[in-house]
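Q: I have a model open beside its sequence, and I would like to learn how to read such a picture step by step. Could we go through it together?

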Amino acid sequence: MTNFSQFEFRNLPGFDQNTFDGFDKAIPMKTLVIYCFDPRAAEVPKAVADYLGDEVYPGENITDENGVRIGHTRTLFALSNGGGRALQSLQSIATMDYLFHYQNVVIVHHSFCGMTSYTPELLIEKFHIHHHTDISGLWDHEDMAIEDYEKTIKHDVDLLDHSPLVPKHLNLYGFFYEINSGQLTEVVRVPASERSGS
């Protein structure tokens, strides 16, 4: 065993990864919210929790008689990346399906996001000038910038809807969040019953 092996679930006595059925009893996750890491958008998870109405956020730790953290009451989990984009979140969505039996994935893009300050072509050009590397073919141009909020939100939800990494039992939502007013506007919703291939 290495220095931190004692903290790995796989190494706990009695834990069997082949029969593991999720952490739902310890942490009742229902919704994964993907949003921008811009600190001005920090209220997005709470806004989504309030909008959906049946979520617990931020929640609190549950401890045993020895003060060991054995669970949490939160049902809504936050995942942030540049622009709150779907593409960067696919691995987490797939992993969370193994760990939890959750129901919703929510994409939120916010006003005055830094990803609206350039076009994909400009990003490619500047990256080449500064780093001497061509990134033009690494991912779709639609995933490089936010050129139109409504189109980008719909693009991201569509990307999730058609990705093999996103289980078909998940409901998908796309929202726009105005950082000054705190207003959250639903742009698109794809219920699990209407998902591609369902």
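The dialogue below goes from the overall plan to the sheet, the cores and a few single residues.

Q: Before anything else, what kind of model is this, and how many helices and strands does the protein chain have?

A: This is a predicted model, and the protein chain has four helices and seven strands. Reading along the sequence, one meets them in the pattern β-α-β-β-β-α-β-α-α-β-β. The C-alpha atoms fill a box of roughly 55 × 40 × 35 Å along the principal axes, and of the 198 residues 38% count as buried.

Q: Which order do the strands of the open sheet take, and is the pairing mixed or uniform?

A: A sheet is read by following which strand pairs with which, rather than by following the sequence. Here five strands form an open sheet in the order 4-1-5-6-7, and the pairing is mixed. Strand 4 (76-81) and strand 7 stand at the edges with a single partner strand each, so one side of each is left without a neighbour in the sheet. From one strand to the next, the twist averages 20°.

Q: How do I see the mixed pairing in the individual strand pairs?

A: Take the pairs in turn and ask about direction. Strand 1 and strand 4 run parallel and are joined by six bridges, with C36 having N81 as its bridge partner in strand 4. Strand 1 and strand 5 also run parallel, joined by four bridges, and here T31 has N104 as its partner in strand 5. Strand 6 and strand 7, by contrast, run antiparallel with six bridges between them, and L172 stands opposite V190 in strand 7. The hairpin that these two strands make has six residues between the strands, among them G182, which takes a positive phi near 80°.

Q: Is strand 1 enclosed or open to the outside?

A: Burial along the whole strand gives the answer: six of the six residues of strand 1 are buried, so this strand is largely enclosed by the rest of the structure.

Q: What should I look for in a nonpolar core, and which residues have the most contacts inside the largest one?

A: In soluble globular proteins, nonpolar side chains tend to be buried together. The largest nonpolar core in this model has 24 residues, and those with the most contacts inside it are I93, Y102, V105 and L160. Two or more residues of this core come from each of strand 1 (31-36), helix 2 (90-99), strand 5 (104-110), helix 4 (149-162) and strand 7 (184-190). A second, separate core of 15 residues includes V33, Y35, Y177 and L184.

Q: Which residues does L160 contact, once its sequence neighbours are left aside?

A: Leaving out residues within four places in sequence, L160 is in contact with A86, L90, I93, V105, I107, V166, L172 and R195. Among these, I93 and V105 are also listed with L160 as having the most contacts inside the largest core.

Q: Where does L184 lie, and is it buried or exposed?

A: L184 lies in strand 7 and is buried, with a relative accessible area of 14%, which falls below the 20% cut-off for burial. Beyond its neighbours within four places in sequence, L184 is in contact with A47, V48, Y51, V108, F175, F176 and Y177. The pair L184 and A47 shows how folding brings distant parts of the sequence together, for these residues are 137 apart in sequence and 6.8 Å apart in space, C-alpha to C-alpha.

Q: Which residues of helix 1 are buried, and what covers them?

A: In helix 1 (residues 44-52), the buried residues are V44, P45, A47, V48 and A49. Their cover includes strand 1, strand 4, strand 5, strand 6 (171-177) and strand 7. Helix 1 is followed by G53, whose phi is positive, near 85°.

Q: Where does T75 lie, and what does its side chain reach?

A: A loop residue has to be checked for burial just as a strand residue is. T75 lies in the loop between strand 3 (69-72) and strand 4, and T75 is buried, with a relative accessible area of 7%. The side chain of T75 reaches the backbone nitrogen of V56 at 2.7 Å. Not counting residues up to four places away in sequence, T75 touches P28, M29, K30, T31, D54, E55 and V56.

Notes
Residues numbered from 1 in each chain as written. Predicted model: local features only at pLDDT ≥ 70, side-chain atom pairs only at ≥ 80, totals over all residues. Heavy atoms only, no water. Core = buried A, V, L, I, M, F, W, Y, C linked by side-chain atoms within 4.5 Å. Buried < 20%, exposed > 50% of the residue type's maximum accessible area, 1.4 Å probe, protein only. Contact = heavy atoms within 4.5 Å. Pairing = 2+ DSSP bridges. Axes fitted to C-alpha atoms, helices over the stretch in contact; angles between N-to-C directions. Polar contact = N/O pair within 3.5 Å; in protein donor to acceptor, adjacent residues only side chain to side chain.
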